[in-house]
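Q: Can you walk me through this one? I'd like the sheet first, then the holes.

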Amino acid sequence: MSGFKKNFLWGSAIAANQVEGAWDINGKGPSTADMFTSGSQKDPRIFTEKVENDKYYPSHDGVDFYHHYKEDIKLAAEEGLKAFRFSINWTRIFPTGMEGKPNEEGLKFYDKVLDELIKYKIEPIVTISHFEIPYGLVKELNGWASRRTIDYFVNYCESIFDRYQNKVKYWLTFNEINNSTTVAGPLISLGLLQGYRGTVFDYHCDMQTRLQALHHQLVASAKVVILAHNKYPQFKMGNMVAFIPYYPYTSDPKDVLEAEKQMNILDWYVSDVQVKGSYPYFAKKYWNDNNIKLNITPKDEEILKDGTVDFYSLSYYMSMCAGLQKDVDTSAGNFIDGMSNPYLKASDWGWQLDPDGLRYSLNQIYSRYQIPIMVVENGLGAIDKVTEDGKIHDTYRIDYLRSHIKAMREAVDDGVDLIGYTSWSFIDLVSASTGEMSKRYGLVYIDKQDNGKGTFNRLKKDSYFWYQNVIKSNGKNMY
Ligand code: P53
């Protein structure tokens, strides 16, 4: 067995709107994420047009990473992390998205975060846009529905590239950009929310509007990749896809075709654009069948062709089944529906646990693109209990991580060029889909509850110590 590369980037990840808090401090403007209330699987989060006094918005205080970043990065260093993935909040830099000049206070905050990481020799991996967009751009332009948002985004990237050029090498443009092909995208990533008020599950946005907005994001992503390649040759630019493999529910060839169709739209539609530089052949039929007419200019096509990424990054949580049967349970992937797989168990939130699916996905991705791959999210959302002496025995999380890291090692042995892994998440944080704290992902526990109460104290879970050993042994010691 060959095992992981010597310089493999063992890391962990977080995202600004789920951890930082300090939502209106030092010039920060509201982003879409700041307008979502807390919720649960039963009571979905609500998007409100204005902040309402009788409601709780969990991103407003997050887990207060804004004031705890030194402590948290020290914990990351003790953990032995080689890489740390975090996102920059666009509205700290451009409060409405449309200012002429960046907000110096915002830029300074990420300078401090980066300096802290560099102090401990931890490689930063920066997501430029993780499930948020300035609310100002929603009010003015309905988010990514407008082509003008591309220029505002490029403007934002020019500022952060220039400022952090000597501190950051690895950049990811849009978190889980393929979410926009699902019902979740318009809400959490495209900002198609002008005038909307309601729950995250009642929102209906037609595919035409979604895919046009997604096209604008794809052009924006390619534009900043070109900018980076021209001006900062030291940068490595990556995409980021929520990779969900679909299996045929039975061996009926019709189910095989159905699974392929699902994967084409969910997984390959965006990544073919970002890696190969143009829409895949099957997109045309999809557009025709669904009466979608996209405005794609010859200039756009040129940009997409020139702005292809250097490496492929993905999140991996679960797999799904697809087929023609009507009476099969659908698994509760929150925003993404698929049929349940009788061979798999699911998490308490209904996400199907499938480490082999990660090996399968990595092989699929590598055989299609042959570029380096990073798994930048993978982890288990679960309820944790703190013992009287302050311990968290999260064996279920260790089992999850172990089985997935093993699957990655198998993929490496298969020949996949895997360069890094950042587990989700380093510290407990606000769940993106449900707004809960109790759906915990961290290696580090944070004392904050669903209603916002808590001390924000940090506690190392058993999984923290387990992962420390994995890193120390470069993935050899997993027990
Ligand atoms: P939460 C759907 C399917 C797969 C991953 O998710 C997803 C989503 C959106 O909910 O999101 C990613 O917190 C995302 C993170 C998020 C994490 O997965 O809903 O990039 O921001 O926290 C886990 O349980």
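Q: In what order do the strands of the open sheet come?
A: This is a predicted model. Its open sheet has nine strands, ordered E7-E5-E4-E3-E1-E15-E14-E10-E8. The pairing is parallel.

Q: Which are the edge strands?
A: Strand E7 (236-238) and strand E8 (241-242). Each pairs on one side only.

Q: How many bridges join E4 to E5?
A: Four, between E4 (residues 123-129) and E5 (residues 170-174), which run parallel. Val126 stands opposite Trp171 in E5.

Q: Which strands does helix H13 lie across?
A: Helix H13 (residues 395-414) lies across E1 (9-13), E14 (373-377) and E15 (418-424). Its angle to E15 is about 170 degrees.

Q: Now the pockets. What volume does the largest pocket have?
A: About 290 Å³. It is lined by 14 residues, and the closest to its centre are Thr181, Thr182, Tyr246, Gln262 and Ile265.

Q: Which elements give two or more residues to that lining?
A: Helix H8 (207-231), helix H9 (253-276) and strand E13 (336-339). H9 gives the most, with four residues.

Q: And how do the residues of the largest pocket's lining divide?
A: Eight are nonpolar, three polar and three charged.

Q: Switching to cavities: how many are there of 30 Å³ or more?
A: Seven. The second largest holds about 100 Å³ of space.

Q: What lines the second largest cavity?
A: Its lining includes Asn17, Gln18, Phe36, Arg45, Phe131 and Ile188. Val430, Ser431 and Ala432 also belong to the lining. By type, the lining has six nonpolar residues, four polar and one charged.

Definitions and conventions: Residues are numbered from 1 along each chain as its sequence is written. This is a predicted model: local features need pLDDT of at least 70, side-chain atom pairs count only at pLDDT 80 or more; totals for chains, interfaces and linings use all residues. Side-chain values use heavy atoms; hydrogens and water are left out. Two strands pair if DSSP finds at least two bridges between them. Contact means heavy atoms within 4.5 Å. Axes are lines fitted to C-alpha atoms, for helices over the stretch in contact, and angles run from 0 to 180 degrees between N-to-C directions. On a 1 Å grid over the protein atoms alone, a cavity is a set of points where a 1.4 Å probe fits but cannot get out, and a pocket is an open set with protein on both sides within 12 Å along at least five of seven lines; lining residues have an atom within 4 Å of a point. Grid points are joined across faces, edges and corners, and a volume is the space filled by probe spheres set on the points. Ala, Val, Leu, Ile, Met, Phe, Trp, Tyr, Cys and Pro count as nonpolar, Asp, Glu, Lys and Arg as charged, and the others, Gly among them, as polar.
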